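Me: I'm new to looking at protein structures. Could you walk me through how to read one?

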Amino acid sequence: MRPLVPLALTLLLAACGDGEPLSPPDARLPDGGRYRGEVVNGLLQGPGRVDYPNGSWYAGNFSNGQWHGQGEWHGSNGEVYRGQFEQGLFHGQGVLSSGAGSSYSGGFKLGRRDGEGTLKERGQQYRGQFKDDQYSGAGHLTLADGSQYQGLFAKGKPNGEGIRSDASGNQFSGHFVNGQLQGNGTFNSAEGDQYIGEFKDSRLEGRGRYENADGDVWIGQFRDGSLTGKGELFGVDGSHYKGNFRDWRFAGSGRLQLADGSTYVGGFENDTYQGAGRLTPIDGPVESGFWVNGLRVRDDNGHLLPDPLELALLNQGRLLDKALDQVPASNAEIELYSLTLAGDGKQSVFMREADYVGNMLKTRFGAVTNLSLVNHRDHLADRPLATRENLTRAARTLAERSGPEDLIFIYLTSHGSEDHQLVLDLPRLQLADLPADELASALAPLKERNKVIVISACYSGGYIAPLKDERTLIMTAARADRVSFGCSEEADFTYFGDALFAQALNRTDDLQQAFEQAKAIVAEREQAEDFEASEPQIWAPKAVLAHWHKLRQQQARKALQSTDAVHAESAGNH
């Protein structure tokens, strides 16, 4: 903010006027100005007007030859001031606007902004106290990008106690020095995270406590915005880590108590066991030795241990064969067969969700079996993997064991890509993803079966075209060009999985109604969290809906007959 130029009669002030009066001047000034008004003892006195050769003019009160009291000044550059003057300068209350669009309303002192006022310029606004033309004292500044600061100012910058918020809703509060938060303060993110502790240049620096919106808490030494050094993590799941961190991750020596009560003491790197360490499970033998990337590779004596991944791969064929052998053959009635697939083994949400859906299909909807294909870092040895070949074999077995009257329910959950590939991933394994056309090929043996296929993944709407026919009902978590939400390690469901299975299908067994309810639930949740709408999609042939309804009617009759039989047996015993 540049200082205002002091105004005096001897200055050639510029402004475009409203037109000079036509009457002759009462006095001509040495600088060429033409004055109309009273002259007393050679000095301009009382109300009057002076017009200058460059077009600027002043109209108002004069005292002893100077602008003094209430007046109005117009400069040839478009600046206009209306308010109080003293000895030829803006002084007191007034309003100053420029041809460039800035405006100020408030106090002046000897030609400078001083006291309470409001300044608007270049898309920003300041309301508060001024001194010597600069922000000084208590004030509220709003910048063009929507960020704000409210608090104390000195020499034109935030200095002292205040609160700063950016356009996204993140907020810093504490003591500011030349616009930067220094020392003890508080940070609150738009997502609900909070940090209380020390800052340097508005970055987390020093001792502090950080809690995210989910309830996980980090306490320790922060450096350049992240936890680096000694610290602790209290997980909302009940886990607790105490030791060294690097950029928020476990690094160096530490002690980790897991949510199930197991403990590990030793070396860490990038949040995984690394180096010498000792794992004490809640139930099971103690494992100590040398760890690499989370795996124990040598025992206490330094002997090399077999790789769990290699052992698990050797066992995979037996696991799949066992699961396929347990699929029962169809009988004459309509039966429901189900297949669930959790694709990405790096995040537990997909396994949890697929397991919930498989159990629900058996307990609520009477599925005679559920083939479960799961990728998860902790279940290499006891779950058949979610691979394209295993999916193909599972579909072939369902086609062989089911009958034409039966119904197949398939649920797939994972990450999805813009080119419509379902992610199949597992740490230390390079699995091929599942494109939409290859999913259609894998399920081809089931083309003569009525099917319900539900896919919870980003861009999953792109799977409808390759899969749809009059015997296949398809629901997807998102439009072909939209992402879906809820993929995180700690979550039990994706947004769509939660809405459809945990909520809608627990209230109704009508598939069409359940989808519409789930779609509304997801939309409301996304809107509340300011996410772009995923817009779940459905392809619902009437024949499949009718066959599902027929299955549910058959199950209801059997349940009623079973109840009647129990009552009859009870009456006979009496």
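Reply: Sure, let's go through the sheet and then the pockets, keeping in mind that this is a predicted model.

Me: How do I read a sheet, and what is the strand order in the open sheet of six strands here?

Reply: Strands of a sheet pair through backbone hydrogen bonds, either parallel or antiparallel. Here the order is E27-E26-E28-E31-E32-E33, and the pairing is mixed. At the edges sit strand E27 (369–374) and strand E33 (537–539), each pairing on one side only. From one strand to the next, the twist averages 10°.

Me: In which sense do strands E26 and E28 pair?

Reply: Parallel, over seven bridges, with E26 covering residues 336–342 and E28 covering residues 407–413. To spot the pairing, find Ala 342: it stands opposite Thr 413 in E28.

Me: Which strands does helix H3 touch?

Reply: H3 (residues 388–401) packs on the sheet and touches E26, E27 and E28. Its direction makes about 175° with that of E26. Helix H2 lies across E26, E27, E28 and strand E31 (450–456), and also runs at about 175° to E26.

Me: Now the pockets. How much space lies in the largest pocket?

Reply: About 2200 Å³. It is lined by 49 residues, and the closest to its centre are Leu 258, Asp 271, Tyr 273, Arg 377 and Asp 378. Among the elements giving two or more residues to that lining are helix H1 (308–325) and helix H2 (348–363). By class, the lining has 24 nonpolar, 10 polar and 15 charged residues.

Me: And what volume does the second largest pocket have?

Reply: About 500 Å³. Its lining divides into eight nonpolar, two polar and nine charged residues.

Notes:
Residues are numbered from 1 along each chain as its sequence is written. This is a predicted model: local features need pLDDT of at least 70, side-chain atom pairs count only at pLDDT 80 or more; totals for chains, interfaces and linings use all residues. Side-chain values use heavy atoms; hydrogens and water are left out. On a 1 Å grid over the protein atoms alone, a cavity is a set of points where a 1.4 Å probe fits but cannot get out, and a pocket is an open set with protein on both sides within 12 Å along at least five of seven lines; lining residues have an atom within 4 Å of a point. Grid points are joined across faces, edges and corners, and a volume is the space filled by probe spheres set on the points. Helices (H or I, at least four residues) and strands (E, at least two) are DSSP runs, numbered from the N terminus. Ala, Val, Leu, Ile, Met, Phe, Trp, Tyr, Cys and Pro count as nonpolar, Asp, Glu, Lys and Arg as charged, and the others, Gly among them, as polar. Two strands pair if DSSP finds at least two bridges between them. Axes are lines fitted to C-alpha atoms, for helices over the stretch in contact, and angles run from 0 to 180 degrees between N-to-C directions. Contact means heavy atoms within 4.5 Å.
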